[in-house]
Structure formats: C-alpha cells, structure tokens
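Here are some exercises for getting to know a new structure, each with a solution worked out in steps. Have a go at each task before you read on.

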Amino acid sequence: MNVRKALERVLLQVQKPARYTGGELGSIVKDPAKVDVRFAFCFPDLYEVGMSHLGMKILYSLMNEREDVWCERVFAPGDDLERLMREHRIPLFGLESLDAVTDFDFIGFTLQYELSFTAILNMLDLAGLPVRSKDRPGLSPLVVAGGPCACNPEPISAFIDLFILGEGEEVNLELIDLYKIAKREGWDKQTFLRRAARIGGIYVPSLYDVSYREDGTIEAVTPREGAPARVLKRIVWDFDGVYYPKDFVVPFTETVHDRAMVEVLRGCIRGCRFCQAGFLYRPLREKRHATLDRQAHDLCDHTGYDEVSLTSLSTSDYSELEPLLNDMLSWTERDAVNIALPSLRVDNFSKELVERIAAVRKSSLTFAPEAGTQRLRDVINKNVSEEEVLRTCRTAFEGGYSNVKLYFMMGLPTETDEDVAGIIHLAQKVVDMFYRLPDRPKGRGVSVTVSVACFVPKPFTPFEFEPQDTREELRRKQRILLDTVKSKKITVKYHDSPTSFLEAALARGDRRLCPVVEYAWRLGSKLDGWNDFFSMERWEDAAEVCGVDFSFYANRRRSYGEVMPWDHLDYGVTKAYLIREHERALAAQVTPHCRLNCSGCGANKLVGGACFGK
C-alpha cells in the first residue's frame, strides 16, 4: 500500500492532521536504499506527548548521525485517525518516510508509564504484526523497548523481544552493529537474541524461566542458553562528553513542552524514598557549565525556541548553577529567551536564583514538599522542613511572584489522617504568610495550588516492600483533604485513585499479568493514561477472566526475603541498601544526601569508584 496517498485521502477528516504529516523543521529524511538499518522509534502516546520527551530527541539525532542508520518517529494515532486507519487498512507508519513500520528492522518503544502498555499492543496490531513475540518468528522487525519502566518489564515480557536497561546512547548502537552482522550472516531470530543477551544492558525475557510458590510469590528466575543470571543496566561514564543534538525537530502543532531542553545532570543526590527515578538514574553525573551553555545556545539558534529548560531530576542541585546562569544570561536577555528551571528544591532556593529566573518573564513557581507534616517528610527522606518551605515561598513572593504550586502525595507509608490534613494546613500557612509580607506584590492576591498524587510503590525504591492504600482508603483521605480547606486562595487538585491502583499493580507485577494486559487491550484499552480512554471496568474484567487479583500486586506488603519479579535485573542499587533505607523510614530517620555522606547504595560500582571522586 502507498501509505502517503491513503493518508492524503483521510487526513482532512481528523482533528489534528499536523500530528501525522511529518516534514517539520529539523526532521531527517534519508534514502532507504542507502541505509543498512531502519529504526522506528515508537512513543506509545499521542504526538504532543511524545514530541516533548527528551530521550526521544537525543536518540533520534544520535542514530541519524550514522549514515548507515535511519531512525524515524512513530506515535500512537488519535482515536479519530485510528478508526480511519482500520477502516481503510492503513498500517502504522513512520513520520519521516510515511512507510509502514513493518518495513523497518527495529520497532523500538520507550516505556515511560505503566499505563501505556496497552498502547504498545495497539500500535503493534495497527502495524499488522502479532502482539506476542513468539508469534513473530522472523529476524525483522525486532520489537525492543527501554526507558524507566523497563526496570520491571515482566508484565509485558511476552510482547517484547528484548529490553534495553539503563541509558541508551551506547548500547543502542552496539545492538544495531550486532544486527548488521546478523543480517549479513543470515542468523535466525533466536541466534540473534542469544548473542544480544551478551551485550551489557540487554535483557531477553524469553531466555529466562520463572517458577512460582503455592502462595503465588516467585520461587526462582532461571536463565537459559547462556543468558546472564543478572543483567546490569548501562550508563554513560563521560556524561560531559556524551552526544547531545544541536537541533530538535520543531513541531507544526502545540506540544506539552514546546521548548528547547538541555540535560544538566543525570542521577540525584537526594535519596527520597518514594522516587524511583532518583534510584534508577544513579550515580550522579554532571556536565560542565560551559558545555551546557554551548548546547543551550546551539539549540535556540537552530530551532528558534524562545524558552530553554535546564532539565534534570533536581536542577537546583547542579553544582555549577550560578556560573551557568551567568553564562546564559549574557545571551538569553539579549535574545529574549526565557530560562526555565523545572526541578527546584526548597532548601537551596535563594533570592539570587529568583532574580535570575525572573530576568526575562515571570510565571508561577512549583515546589514539592511531598508531605504535610515533618514526621512524614522524615519518613520519606525529603529532608525539607516547614520553615524552609515557608522561607522559600516568602522569597518567591518578595521576588514578585504571587502564584505558587505545591506538590504532595497521599497514601505514603505510615500516613495518618493528621498528615493528610497537614497538607492543607501547610498551604494555609503559605497564604497567611503572603498577606503578612510588607513587600508582597501589590494589587494581586495570592494563589496556592495544592496538587496531590496517590502514592505508588515502585521497584528499586525503599518502598518497594510497602502496600499501596486501597482505593477506598484513598477516597476517604481525599474527603479529609477537601474538608480541611477553609480558604478560597487554595485550589486542590488530586489524582484518580483507580489509575494509581492499576499503576501499582503493573509496576510490581510479574509475567502472569501479560495475559491481563493483552485481554484488556482486546476489550478496548489503548491510551489508558488519558481519562477519555481509561476504563477500570475493562481492566477488572480482564483480571477476572485471567484469574488475577490486582490487590496481590498493589496492596500486599512484601517480606525482605521475597523474590521480586525484577530481582534478576541490576540497576546498581543493592537490595541490602533498600532494606536499610526502609527500616530507617519506619523509624522516621533521615539519611543525608550523597554530597554530605555516602550511604553505600552501591551505584558507585557503575563508575568504578566513589561517585564524587573522593
């Protein structure tokens, strides 16, 4: 089929045709006859979400730097286009060539969110491929996946040929080189997968057998055919020298994060016990401020963006932030480019920082106390006091801001009703403090937005052993939260507990969830991260048909000795460390951050020595 002509006949019938046309500034088109490997980089969500993802931008440009590789972007279609694709038998296609993805050698998915799992199956089906790996016997197209949710890939292990653990800049190219050998020498798929399993950071689930105990827990995960007993994630040692693109694809249509982005550091020093990313991306590595200034300037020059974001898990922990901002302000002020700092800590937020980030234009500021009381902040190792929260908000108000967003979580381990009410009490103290300030912004009232997410226990965190609150308990706590609000200056937003319940089940699930994911998709689940498409009833029906109890995965406490579905995967943080941190959490004991004292998490082995060169 000529996909281009078929699309031309239907695109005017969809709401946002710019999602599907390609041809944007910065997109890369090659002659398919002149490349050896074609890679379809698939984001299992809509265009405007996927085009905001920094990892896709990096790997897209990195692979296309090679003359022998052509990487194209693929996104999940909206519901309107999907109906037309199925009606007119238009296959899933790459944006650059508009060729069907079955013409590609690799179909690679990024796993950013557990509720995108059904979108992966839907995209494979739209491509005309069987969703299960065992039903795709040929060498190509190979279906691969990476990203943070690859740390526990078991609930979708039946559908993916291999997983890439950790950072992809180096291992993706090694995998492509191996594939070129396989094509040249005529290997079959199984031979390629066995050889790929020897590459550091590659996990081939079909090479592992899982056995279970009578109580439903895992007895053992046993490797076969020479596969390693534990698969260690990949990291980039020289982060300052790692590849970074000078150009981004600039969308024709609005996206979630429509700006240039530079990655200032990887990892995090803080050790917040709920935060999976803070452990998955260890150890901390930084770029030099001169490198970041050059990369930011290049991106703004090439793309025309008037905003650049300094991206990381905790940008205000960057050790060279002040010289970086000094360097960047020399040209951002002149060119009217806004500097965005999306990840600010309340314990190192200063008046000088306010002045720098407000130099071009003001917007609201966002901080994350995470818990409403000091006891619970100590449990989660937030290492932030109420006094620091109030001082930070005061600094922002005195700097001309009047809108503050505060992020919290509900259902944290050991949480009480007093902790829930404490969220609103803290927000009220921020409101009261604003009106006591003699130097507050004149002519404006204060607005404090309280955003409350439901806690989801995740693998490779000290809370991987903890149960999630039941949906009934979370709804009860949400009522307490709303009943505590007494001021119109406080706006409360909270997440839906059913989606968090499903996220918890998928995050800590095992291979027995594969049939559930497939059945839920066959019932109609596909873009579950969107309220318009999510149906808990479908998932509950799928679980019932497959004989699975989601509460076994979401609401059950784990013993320290239990074999976790992900214990054969190594992200550098030892289980002994997670157990120590869990015990400290139950005792409400804080652990100093990494720059103050090494807590012995184990991640230093990934860089061959101490994380900070001591």
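**Exercise 1. Proline 462 and its surroundings**

Find out which residues proline 462 is in contact with, leaving aside its neighbours within four places in sequence.

Solution. The model you're looking at is a predicted one. Start by placing the residue: proline 462 is in the loop between strand E17 (447-454) and helix H15 (471-484). Next, list its partners, with neighbours within four places in sequence left aside: Arg273, Phe279, Leu578, Glu581 and His582. Then check the accessibility. Buried means under 20% relative accessible area. Proline 462 has 0% relative accessibility, so it counts as buried. Last, try a distance: cysteine 272 is 190 residues away from proline 462 along the chain, yet their C-alpha atoms are separated by 9.1 Å.

**Exercise 2. Two residues, two settings**

Decide whether aspartate 419 is buried or exposed, then do the same for glutamate 65.

Solution. Take aspartate 419 to begin with. You'll find it in helix H14 (residues 417-436). Its relative accessibility is 3%, so aspartate 419 counts as buried. If you skip the neighbours within four places in sequence, the contacts of aspartate 419 are Gly372, Thr373, Arg375, Leu376 and Thr414.

Now move to glutamate 65, which sits in the loop between helix H3 (54-64) and strand E2 (69-75). Exposed means over 50% relative accessible area. Glutamate 65 has 56%, so it is exposed. To finish, pair glutamate 65 with methionine 536: they are 471 residues apart in sequence, and their C-alpha atoms are 43 Å apart in space.

**Exercise 3. Backbone oddities**

Look for cis peptide bonds at proline 141 and proline 283, and for positive phi values at glutamate 225 and asparagine 381.

Solution. Some background helps here: most residues other than glycine have a negative phi, and most peptide bonds are trans.

Step one, the peptide bonds. Serine 140 and proline 141 are joined by a cis bond, with omega at about -5°. Proline 141 belongs to the loop between H5 and strand E4 (142-146). The bond from arginine 282 to proline 283 is cis as well, with omega near 0°. That proline 283 lies in the loop between helix H8 (276-280) and strand E12 (285-286).

Step two, the phi angles. Glutamate 225 isn't a glycine, but its phi is positive, at about 55°. Look for glutamate 225 in the loop between strand E8 (218-223) and strand E9 (231-232). Its relative accessible area is 39%, so glutamate 225 is partly exposed. Asparagine 381, also not a glycine, has a positive phi near 65°. Its loop runs between helix H12 (374-379) and helix H13 (386-398). With 1% relative accessibility, asparagine 381 counts as buried.

**Exercise 4. What covers helix H17?**

Work out which residues of helix H17 (residues 514-522) are buried and name some of the elements that cover them.

Solution. Go along the helix and pick out the buried residues: Cys514, Val516, Val517, Glu518, Ala520 and Trp521. Then see what lies over them. The cover includes helix H5 (117-126), helix H16 (497-507), helix H18 (536-546) and helix H19 (550-554). Just past the end of H17 you'll meet glycine 524, whose phi is positive at about 125°.

**Exercise 5. A pocket**

Describe the second largest pocket: what is its volume, and which residues are the closest to its centre?

Solution. The volume of the second largest pocket is about 280 Å³. There are 14 lining residues, and Ser133, Lys134, Ser157, Ala158 and Ser206 are the closest to the centre. Sort the lining by type and you get 5 nonpolar, 4 polar and 5 charged residues.

**Exercise 6. The whole chain**

Check how the radius of gyration of the protein chain fits that of a compact globule.

Solution. A compact globule of 614 residues would have a radius of gyration near 25 Å; the protein chain has 24 Å, so the two agree. Along the principal axes, the C-alpha atoms fill a box of roughly 75 × 65 × 55 Å. Count the secondary structure and you reach 20 helices and 19 strands. Of the 614 residues, 61% count as buried. Finally, take the contacts between residues at least 6 apart in sequence: 77% of them join residues at least 24 apart.

Notes:
Residues numbered from 1 in each chain as written. Predicted model: local features only at pLDDT ≥ 70, side-chain atom pairs only at ≥ 80, totals over all residues. Heavy atoms only, no water. 1 Å grid on protein atoms, 1.4 Å probe; cavity = no way out; pocket = protein on both sides within 12 Å on 5 of 7 lines; lining within 4 Å. Points joined across faces, edges and corners; volume = space filled by probe spheres on them. Nonpolar A, V, L, I, M, F, W, Y, C, P; charged D, E, K, R; others polar. Helix = DSSP H or I, 4+ residues; strand = E, 2+ residues; numbered from the N terminus. Rg over C-alpha atoms; globule rule 2.2 N^0.38 Å. Buried < 20%, exposed > 50% of the residue type's maximum accessible area, 1.4 Å probe, protein only. Contact = heavy atoms within 4.5 Å.
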